[in-house]
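User: Could you take a close look at the salt bridges in this one? I'd like to hear who pairs with whom and where the partners sit.

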Amino acid sequence: MTTATPRIVLGIDIGGTGIKGAPVNVETGELVAERHRIETPQPATPEAVGKVVKQIVDHFQWRGPIGCTFPAIVHNGVTLSAANVDQSWINAPAQNILSAATGLPLIVLNDADAAGAAEVAFGAAKGRGGKIIVITLGTGIGSALIVDGKLITNTEFGHLIFPKDMIAEKYCSAKVKEDKELSWKDYNPRLNAYLEHLQLLFSPDLVIIGGGVSKKADKFIPEMKNLRFELVAATLKNEAGIVGAALEAAKQFKV
């Protein structure tokens, strides 16, 4: 009896501070090698980011399709914003740029959308109906909206005007906590107020918190108050973007 070869795809997650990747078993959502991380170049221009993505590809000696996340609105492979990377990415053909840099077939999608897709397939949103919001707290705030299992792309809830005359990701991202050296006691009310604002606007059934901060969910989730929805940490934690990118590439390139 022969054993079927697992379906493996390389997932790469581009962030404002780090670019990380790993090959993923797209049937189980598991990383099949230890993830490799390189600091995001500064400035994070298309040429510089392309070189780092190529380094990650070379690290794994990868020769197949690639899924790649990006911290921006992504429409038909073009990045339409650049909140935490160089402004030269605005209206850039990101998918073509990164595919050319690696010499391999590659698809680009929004980083939080990738995390949302991964949580639907393998994590806290698996098998759940209703309205689900995935929030990734990192250099900025990413978001994914899932309605009855279907991903609604490019929501950008981190760019909501909140609080007054400010955008949310400049108020309660993980980077804000770090830069302002906020204790959990000082940071939690900011996050709580933002979640209450999302509740007012969207009345979600479930909110999933991802990003690096999700590893410390015990420090903030029990402290959130006045929420009508269930609040949980992302099951895949900070690997969700890598997994979701690999899933999208597997679908796109029929791996």
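Analyst: Glu47 and Lys51 pair up through their side chains in a salt bridge, at 3.8 Å from N to O. This is a predicted model, so take that distance as a computed value. The two residues share helix α1 (residues 46-59) and are 4 residues apart, about one turn of the helix. Glu47 and Lys51 are both exposed.

Now for a pair that reaches across the sequence: Arg128 makes a salt bridge with Glu230, and their closest N and O atoms are 3.0 Å apart. Arg128 sits in the loop between α3 (111-122) and β9 (131-137), while Glu230 belongs to strand β13, so this contact ties together parts 102 residues apart in sequence. As for exposure, Arg128 has a relative accessible area of 33%, which makes it partly exposed. Glu230 is partly exposed too, at 39% relative accessibility.

Then there's Asp13 with Lys20, a salt bridge whose closest N and O atoms are 3.3 Å apart. Here both Asp13 and Lys20 are buried.

Across the whole structure, the search turns up 7 salt bridges, and the pairs above are among them.

Some charges also group on the surface: Arg35, Lys215, Lys216 and Lys219 form a positive patch. Arg35 is placed in the loop between β3 (30-31) and β4 (36-39), and its relative accessible area of 30% makes it partly exposed.

If you're wondering about covalent links as well, the search of the whole structure finds 0 disulfides. Cys68 is buried, with 0% relative accessible area, and Cys172 also counts as buried at 0%.

Technical notes
Residues are numbered from 1 along each chain as its sequence is written. This is a predicted model: local features need pLDDT of at least 70, side-chain atom pairs count only at pLDDT 80 or more; totals for chains, interfaces and linings use all residues. Side-chain values use heavy atoms; hydrogens and water are left out. Patches are made of residues with over 30% relative accessible area and no salt bridge: like charges are joined within 9 Å, nonpolar side chains (Val, Leu, Ile, Met, Phe, Trp, Tyr) within 5 Å. Accessible areas come from the Shrake-Rupley method with a 1.4 Å probe; for residues, only the protein chains shown count as cover. A salt bridge is a side-chain nitrogen of Lys or Arg within 4 Å of a carboxyl oxygen of Asp or Glu. Lys and Arg count as positive and Asp and Glu as negative; His and the chain ends are not counted. The place of a charge is taken as NZ of Lys, CZ of Arg, CG of Asp or CD of Glu. Buried means under 20% relative accessible area, exposed over 50%, partly exposed in between (1.4 Å probe, protein chains only). A disulfide is a pair of cysteine sulfur atoms within 2.5 Å.
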